[in-house]
Each structure stands twice: as C-alpha cells, then as structure tokens.
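Dear colleague,

I am passing on the structure we spoke about, and below it you will find my notes on its cysteines and its nonpolar cores. Please read them with the structure open beside you.

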Amino acid sequence: MAIEKASSREFDDVHEDSPVEEVRLTVPITDDPSLPVLTFRMWFLGLCSCILLSFLNDFFWYRTQPLTISAISQIAVLPLGGFMARILPTTPFPGRGWSYSLNPGPFNLKEHVIVTIFANCGVSQGGGDAYSIGAITVMKAYYKQSLGFLCAIFIVLTTQALGYGWAGMLRRYLVDPVEMWWPANLAQVSFFRALHEREPKSKGFTRMQFFLVFMAASFAYYALPGYLLPILTFFSWVCWAWPRSITAQQIGSGYHGLGVGAFTLDWAGISAYHGSPLVAPWSSIVNVGVGFIMFIYIIIPVCYWRFNTFDARKFPIFSNKLFRTNGLSYDTTKTLTPQRDLNIAAYNNYGKLYLSPLFALSIGSGFARFTATLTHVAPFHGSDIWRQSRSAMKNVKKDIHAKLMSVYKPVPEYWFLILLALSIVLSLLMCFIWKDEVQLPWWALLFAFALAWVVTLPIGVIQATTNQQPGYDIIAQFIFGYVYPGKPIANLLFKIYGRISTAHALSFLSDLKLGHYMKIPPRCMYTAQLVGTLVSGVVNLAVAWWMLASIDNLCDVESLNPNSPWTCPKFRVTFDASVIWGLIGPKRLFGPGGLYRNLVWLFLIGAVLPVPVWILHKIYPEKKWIPLINIPVISYGFAGMPPATPTNIASWLVTGTIFNYFVFKYRKEWWKKYNYVLSAALDAGTAFMAVFIFFALQNEKIDLKWWGTDIDHCPLASCPTAPGIVVQGCPSH
C-alpha cells in the first residue's frame, strides 16, 4: 500500500499520465519493486511455455489459415505458478553472501509477465515472424536442397540475435517515448490485470469469468470451421447465385477472387494476417480500410476488366501461383541448373514469367509503401527522433511509467552491441563455410545489415503508433535482385538478414514496451529474452525439420488432398518471391522492356504522397484528424495479398470497426473491461481446438468429405477470361 501511495503521489505532482487514452484506460500507474522476478518458477514455466508456443506457432504457419498463438502461456501459467508456490520448499539455499529460494512467496504478477515475454520468443520467431523457418522450408520443400541442420541453425539463430541487437540500440526511440504506445500490448496488460487484480463485486462477469466463458465458446465453435464445416471460413454466397459465371465467381469468391459479399465466420481467418482486429486503433483500421477499398473495389477491377493491364485476363484475377503466357502454371524446375541458379538458355526457351493481376499490383504497392514509410516518418517524427538522438533521452520529458522504471538498473547498450557483433561475425562465417548452400557472398550480408539499420526505426515508429508493420520485403529483394541476379537462395537469405532481422527487432521492442508498462526490471528482461531467443530458435527448427520429414507432400498443393490444411500459403509466397526477385530477377520483369516496368513509378508516387498530408497538417494544425492520415498504413490495406485474401482483410476491417469504433464510443466501460480479454479468449479457444483436431483426427487420417468441407464452392474463380486461353476445368472462350 505504501508503494502505491508513493507512486500515486508522484503522479499527482507531475501530472504525466500517458497522453494516449487507450493507455490511460488500461495500464496501471503503480509499481512494487520488491516483487521477485527471476525465480525458479519463472525459469521452469518460461522454458516450458517457450517450447510449447514455438511448437504451436511453427505448426500453424504451415496451415491454409495460419494462426499466431500467444495467450496460452498467460492462461496456463497462473494456476501452475500458484501450484508451485504451494508445493515448493520455502527454505532458501544458503551461500557465501547470497541465498536463493525456490519459493520466495506467492506467484506474482511480474513473474507471470516475464514468463509470457519468455514464451513470446516462441511466438515472434515461430509464428508471427516465421520467415527464417519459411526460408528453410522453401529451400528444402520447393528447391529440394539438401540443407544440413547445422547450417540451418546458423541461419535461424543469427537472424534472431541480429534483431535483438537492433532492438537494444533503438530502445530510446521506440520504447521510452510516451507516443510510442504499441497498441497490441494493451490486450496483454488488460488480461494480466484480469488475472491478478481482485475486482469489486458488480453486475456481470469478472474479467476472468468472461475470459473462461468465451474461451470455452471459442473452443467449441472452432470445431465447425476447423473440421466439421470449413465452408464457414469463406462464405461465398455470390458463387451459389451464379454457378456458371466466371466473372461473378471472380468477384464473389472469398478464396480465389475479390471476395465481394463474401465473409468469414472463422476467427483464425479474421486474425490470420493482420492480427487481432480488437487491438488495432480505430485510426489504423480506417487507414487500412481506405487502402483496401481503393485497391480491391476500384484499382483491380479497372485494371482487369477495363484495361487488361499486364495481359491480366490470361490469368486468374487472384492467385499466388506463377504463370506462363499461355495461362498455365510456371514450372521453375525447367529453368534451374543443378546448383539452383538460373539457366538462361532454358529460360529463354521456356518463356517469360507472368503474375496474376492482384499479385502484380500488390508488389507495386510494396514499392510505394517503402518510400512512403520513409517520407511519412521524416516530417511527422523526424524532429523528435533528432532531438532524442542529441539528448540521448537524458533530458526528455518522461511520463509516469518511465519515472517508475527509473528505479531499476538499465541494461548497458554494450550488452546489445556485443550480441550484435557476434551475430554479424557468425553470419559472415556461415557464408564461407556453406558457400554453395547459401549462395550468399560476404559483401551481400553487410549490405543487408546496412539496409536493416536504415529502415528499422521508421517502420518501428509506424508499428508503435498504429499496430501495423509496413514491410520492405519487396524492396530488399528488388535491390539485391538487380545487384546479384539469378541466385534465388541468395536472394531469399538476403531478405532474411535484411528485412526479417527488422521484424525480429520490432517483436523484441514490443516485448520491451510490455515490460515497460508492467514495470519489469530491464536486466531481467534482457536475460529472459536472450535465453528465450536461443531456445525458440532451436525448437522452431526442430519442429520444421520434423514436419518436412513426416507430412507427405507438405506445401505441395498439386499433390495434396484438396481438403488438406497443409498448403503453406505463406511459404508459397516466399518461394514465389525468390523466383521473381532471385531466379528471374527484377531486371527482366521490371527493367526496360519488362512487362511490369511501369510499376516502378510507384516508388516515386509513394515518396510524394505523404508530403501534402504534412503540408495540410502545418496549415491546419487545429485539425486533429489530418495527422491520422497515414499513407504507409493506407497502402498496408492491400499488403500481404497473397497469401491473405480480400475476405480475410474485409472481415478484419468489419470486426475492428464494430469493437474499436461503435463499442469503444457507445459502450466504453464494457470496452475497457472486456475488449482485450475477448481477443485473448478467442485466440486461446481457437488454438486449443485446432491442436486437438490435428492430433485427434487429422493426424489419424480421419477426414470428412461433404458439401460443407469445400471452403469456397467457386470452381470458376480461378479461370482466365482471355480468348484462346485453355485451362483444365475452365470453359473455353
């Protein structure tokens, strides 16, 4: 109680609670520095949680509807921690000048938080940012490369450690400032409070009761879209109304078309690619929605039906496959040498590579998104970044949370720099030892490191304020494809060490902000994240190795059962990217004479678009809505398609609008108490049922086959409409 009074008195003196309303409503402004953190219970539960989530998230990223799971550790840890507090001996082990107890008292909030952060290493590396594992999957499953486990572990661990190094260097810009509030963390803060704080008796459920009820409901319900009635994942009623019309099915298909009128009743489908819509700020949802509507309902139809842009009608309107000029699938093995390089003579004989129109324009949006990110952050946040660079955060005004954290010893920056230097050295060593397998020269790695250093900060600013992470996968591979063409594996790994080290860094920074909100000592955070990173990397790779060896035809859509969940849409796009940027190369596709050369103008357009927004903000500073116009996030409305479908994004937008506009505006007390708890409950229930279905049914080859297991019922949506193009299963024109 004394600590709470001191914290509250400090707050009353400085009046510096967060300026962000969602943070004020969610994050407590008290702290108890006496709570133990690095306990035996934390290490035991943290290791178990990290291993479990590493397995689950790796497992789910191979499925047609990927799912990132993070709530399970929060749920299971509390009763387990309480059980250990009851049974473990309380007598401390004595030592010379020290003692250590297996049971220092009741299982506390900070132990719970640090276990979750430990486990989150299994989320960020195995789930949400599963690119390192994806690259290895592509090398083995698509390129049939005989990659050794030791080389693979070098790739996984060095990219993670590299990201951790970037995170340590950018803490002062992306964790400490009050404006960098990391919206997704508020769901976890709310849930921790629901689990640990005693609520006064009132009408309705407590947070814990609410969580348990909706987790059970989510668990039971997911048996329908997950196994019994998969059609709920893509409810494409337009195709039923026009069963013989290619155009109607292209428009209405939720899986292979524009998804107009289609929707999903599957939480895994809603949250598959942009995360939970319940934790996205309303301004971010609006920006994404503007971009989505503009792209899906205006640009794509005009380009396809009005102008036949890029010979679009020869191909499906939406597909993650690669095509030949005759509309058939592109067989990359026809253009590969035994060393997985481009056979130029074979390529010239086989023919050019073509993309579906939505895929091509989505790549173009990536060009605009990259330059828009830089020119958005420069005017809107550049002065703050410069001021923080000059002052090194020593004299910058802090909110109550930063003041409460100042009582703990900070982590010296050289701890992160040592880790960064070690990962760079080991990465370079890998290039020399496994030169033939990775194809990547040492200078390319240094180039990737430099690119990551330039873009991590501006992308981090956007994620920390909007909960959206504009990627630069495309630009990284585009640049390197020009510099080092014909090398698909090298291009893939350049992306890993450039773009994906950024993704890992931002995941670590998000956890650092969670620790900041929950007042976790920084040195405890460093220790837990570092150990969790190493453990999750090894487990992720072991799981991927096992799945590649034990699941027949994993990721091979042509050979799999049509109802198989192991289609790997995320990794298929990773493979496509290695072909586009590495094997064929951007010069042939986007250079002079290339079919997609005009898309390069989007670099310039993206750089220019944020400027008028900034000018309007300067002219009308009283208009608070103007700086909420975020061009990179608008462009994010059509990012990730494929593998994301328009139905995934549209359902995400509708759900986010319901909860973060209508409920937030008209039922704020309900939103404050239950919104983030509901998000965690839906994640957890869906995850538990999906794992149960796999091990109890799918792994035993117990599959259903009936009308409801066809997830789309739009067989003509993948058909071309150009005259003379003949594709099996499609009517001729």
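A disulfide is taken here as a pair of cysteine sulfur atoms within 2.5 Å. The model is a predicted one, and a search of the whole structure finds three such disulfides, which follow the pattern 1-4, 2-3, 5-6 when the bonded cysteines are counted along the chain.

Cys239 and Cys714 form a disulfide with their sulfur atoms 1.9 Å apart, and this link is right-handed, with 105 degrees about the S-S bond. The pair links distant parts of the chain, 475 residues apart, with Cys239 in helix H12 and Cys714 in the segment after helix H31; both Cys239 and Cys714 are buried.

In the disulfide of Cys555 and Cys568 the sulfur atoms are 2.1 Å apart, and the link is left-handed, at -75 degrees about the S-S bond. Both cysteines lie in the loop between helix H24 and helix H25, so the pair ties together parts that are 13 residues apart in sequence.

For Cys719 and Cys730, the sulfur atoms are 2.0 Å apart, and the torsion about the S-S bond is about -90 degrees, so this disulfide is left-handed. Both Cys719 and Cys730 are buried.

As for the cores, the largest nonpolar one has 207 residues, and Tyr62 and Leu174 are among those with the most contacts inside it. Helix H23 gives the largest share of this core, 16 residues, while a second, separate core of seven residues includes Cys719. Tyr62 touches, among others, both Cys555 and Cys568.

With best wishes

Notes: Residues are numbered from 1 along each chain as its sequence is written. This is a predicted model: local features need pLDDT of at least 70, side-chain atom pairs count only at pLDDT 80 or more; totals for chains, interfaces and linings use all residues. Side-chain values use heavy atoms; hydrogens and water are left out. A nonpolar core is a set of buried Ala, Val, Leu, Ile, Met, Phe, Trp, Tyr and Cys residues joined through side-chain atoms within 4.5 Å. Buried means under 20% relative accessible area, exposed over 50%, partly exposed in between (1.4 Å probe, protein chains only). Helices (H or I, at least four residues) and strands (E, at least two) are DSSP runs, numbered from the N terminus. Contact means heavy atoms within 4.5 Å. Lists of a residue's contacts leave out its neighbours within four places in sequence.
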